[in-house]
Amino acid sequence: MAGRHSVRRLQVAALVAIAATLLAACGAADSPRNDSGSGNKAAPGLTGGAPDKPQGLATPETTGEAAADRAAAGEVSASDEPVSTFAVDVDTASYGFAKRTLESGRRPAASAIRPEEFVNSFDQQYREPQGNGFSINTDGTRLPSTHRGAEDNARLLRVGLQTRGESDAERPDAALTFVVDVSGSMSEPGKLDLVQHGLRTLVDQLRPTDSVALVSYSDEAEVLRPMTQVRDRDGLNRAIDRLKVAGSTNLEAGLRLGYDTARKGFRNSATNRVILLSDGLPNVGTTDATPLVREIQEAAAKQITLLGVGVGSDYGDQFMEQLADKGDGYVVYVSDQAEADHVFVQQLPATVALRALDAKAQVEFDPKTVLSYRLIGYDNRALSASQFRNDRVDGGEVGPGHAVTALYALHLRPGAAGHLADVRVRWQDPKTREASELSQPITASALTADFTESPRPLRISYVAAYLAEVLRASRYAEEVRLPDLRTIAQSAGDSTQVRDLTNMIGDAIPLYS
């Protein structure tokens, strides 16, 4: 074990000289116009008052990819680099897509597996804060006896952030612009038919004072319905019925016209979102997410956020994730009607509002107690320590009732006791843009419980995270066996979520044995 840590320290020392300074910043947008003109074809650019341009574009160093490279090399020495910082992420699409792919008897692409999205797919039962912002929840455990090569000083730390929930009656009105992919690739069962089912269901659930616009795109983009109050449900349902599959996939045209439509129907007192429903497989226009991401950042300027809803067995996961991350939103994946009902009936109406903008988390480990640590996942969300309090640096957007979980695998020093780490979370108020910060210490005693006696959500988090390690063929996959993970999941309860996880592992066993 000592030899392994020596190698890891050398790897870290070779990379720790990389400095990161994020130059990107979003200026405030001009006030969008409040008219309801539709237009029929995609505009050549985003209109309605251009916001200030960012100061610069992100580079691998400034987005924290250097930190992700260090994490991939192994555990980080707490003496050399005690601080771990990342932008929070509530995406869950990676888990949903992997589940559907395994059910079909196929291996999901390793590049589409993000452990944090597996963990964040499960109810963590965290306490909610009394007001806005976050509560910080921490606990930990020893590793299970089935975990290969786990020394006595190995631990698992769970850091949970939770926002306060919100009832439908409490939330502000919503102004939602749906941008629907109707290209030929959406003809597969479980794509456009699922989207139409979800949209009809949502229209029936929204309040009469909410507003909805509908844009479709294939070779070109078209406004099927400008921003319309939901009290005109018949008109909206007629527009949904007009969605027909035809042509190629010009996602660029769809998003441009979608944001243009959202800005024309912008409501100052409402939550304004563009919701992209697609398999994420553009083949006409811009097929690189980078320029689209740039325009989304500039057009949104923190006023219009993006939600991605992915569908289909052939799915452009990386494209959709990049769009949502840079569009101040998140992405979910829907594989069947039950999931569509959950997303469109429960999740979407309850979370169209925002609790926090540009949320970031930071854990500072005490080198006197912690020998080394590894953040499981968040590889493309890592930040440098200096970016935590730089409010120009983009973080994650979190809605009401959302939980964000980070798991750390770590090794303690012999006889470790007392202070272990400090957890911090920083965010901006969605209305005032005022920054707030909260911190909480952790002691080593919080990580002494035997794995079998640890809370059920923590055990499920362990299973989900290491299932992801297996599916993405990481160096840590060899530390676990899928049958052992399935046994742990089976012992953690009989909820629908746990049954789905157990079945998912069962589907993976013959593919990865």
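# Exercises on a predicted model

The structure holds four cavities of 30 Å³ or more. Here a cavity is a set of points, on a 1 Å grid over the protein atoms alone, where a 1.4 Å probe fits but cannot get out, while a pocket is an open set with protein on both sides within 12 Å along at least five of seven lines. Grid points are joined across faces, edges and corners, and a volume is the space filled by probe spheres set on the points.

Before you start: this is a predicted model, in which local features need pLDDT of at least 70, side-chain atom pairs count only at pLDDT 80 or more, and totals for chains, interfaces and linings use all residues. Residues are numbered from 1 along each chain as its sequence is written, and side-chain values use heavy atoms, with hydrogens and water left out.

## Exercise 1: the whole chain

Task: Find how many helices and strands the protein chain has, and what share of its residues is buried.

Solution. Begin with the elements: the protein chain has 13 helices and 17 strands. Helices (H or I, at least four residues) and strands (E, at least two) are DSSP runs, numbered from the N terminus. Next, burial: of the 513 residues, 61% are buried, meaning under 20% relative accessible area, with exposed set at over 50% and partly exposed in between (1.4 Å probe, protein chains only). Finally, take the contacts (heavy atoms within 4.5 Å). Among those with a separation of 6 or more, 81% join residues 24 or more positions apart.

## Exercise 2: a six-stranded sheet

Task: Work out the strand order of the open sheet with six strands, and say which strands stand at its edges.

Solution. Step one is the order, S7-S6-S5-S8-S9-S10, with mixed pairing. Step two is the edges: S7 (221-229) and S10 (330-334) each have a single partner strand, so one side of each is left without a neighbour in the sheet. Step three is the twist, as neighbouring strands are turned by 15° against each other on average, direction ignored.

Now look inside the sheet. S5 (residues 174-181) and S8 (residues 271-278) are parallel partners over seven bridges; two strands pair if DSSP finds at least two bridges between them. Val179 is placed opposite Leu276 in S8. To finish, add helix H6 (residues 233-241), which lies across S6 (211-217) and S7, at about 165° to S7. Axes are lines fitted to C-alpha atoms, for helices over the stretch in contact, and angles run from 0 to 180 degrees between N-to-C directions.

## Exercise 3: strand S16 and its partners

Task: Decide whether strand S16 is largely enclosed or left open, then trace its pairing.

Solution. Count buried residues first: eight of the 10 in S16 (residues 419-428) are buried, so the strand is largely enclosed by the rest of the structure. Then follow the partners. S11 (residues 356-365) pairs with S16 in the antiparallel sense over seven bridges, and Val363 faces Val423 in S16. S17 (residues 435-443) also runs antiparallel to S16, joined by nine bridges, with His419 opposite Thr443 in S17. Last comes the turn: the hairpin of S16 and S17 has six residues between the strands, and Arg433 takes a positive phi near 65°.

## Exercise 4: a buried phenylalanine

Task: Place Phe344 in its helix and list what it touches.

Solution. Phe344 belongs to helix H10 (residues 337-351). At 2% relative accessibility, Phe344 counts as buried. Leaving out residues up to four places away in sequence, Phe344 touches Phe178, Gly198, Leu199, Leu202, Leu277 and Pro349. As for distance, the C-alpha atoms of Phe344 and Val195 are 9.5 Å apart, although 149 residues separate them along the chain.

## Exercise 5: empty spaces

Task: Describe the largest cavity and the second largest pocket by volume and lining.

Solution. The largest cavity has a volume of about 60 Å³. Its lining, made of residues with an atom within 4 Å of a point, includes Asp89, Asp325, Arg381 and Glu397. Strand S14 (residues 396-398) gives the largest share, three residues.

Turn to the second largest pocket, with a volume of about 980 Å³. Its lining has 32 residues, of which Thr92, Ser121, His342, Gln347 and Gln497 lie nearest the centre. Helix H10 provides the largest share, eight residues.
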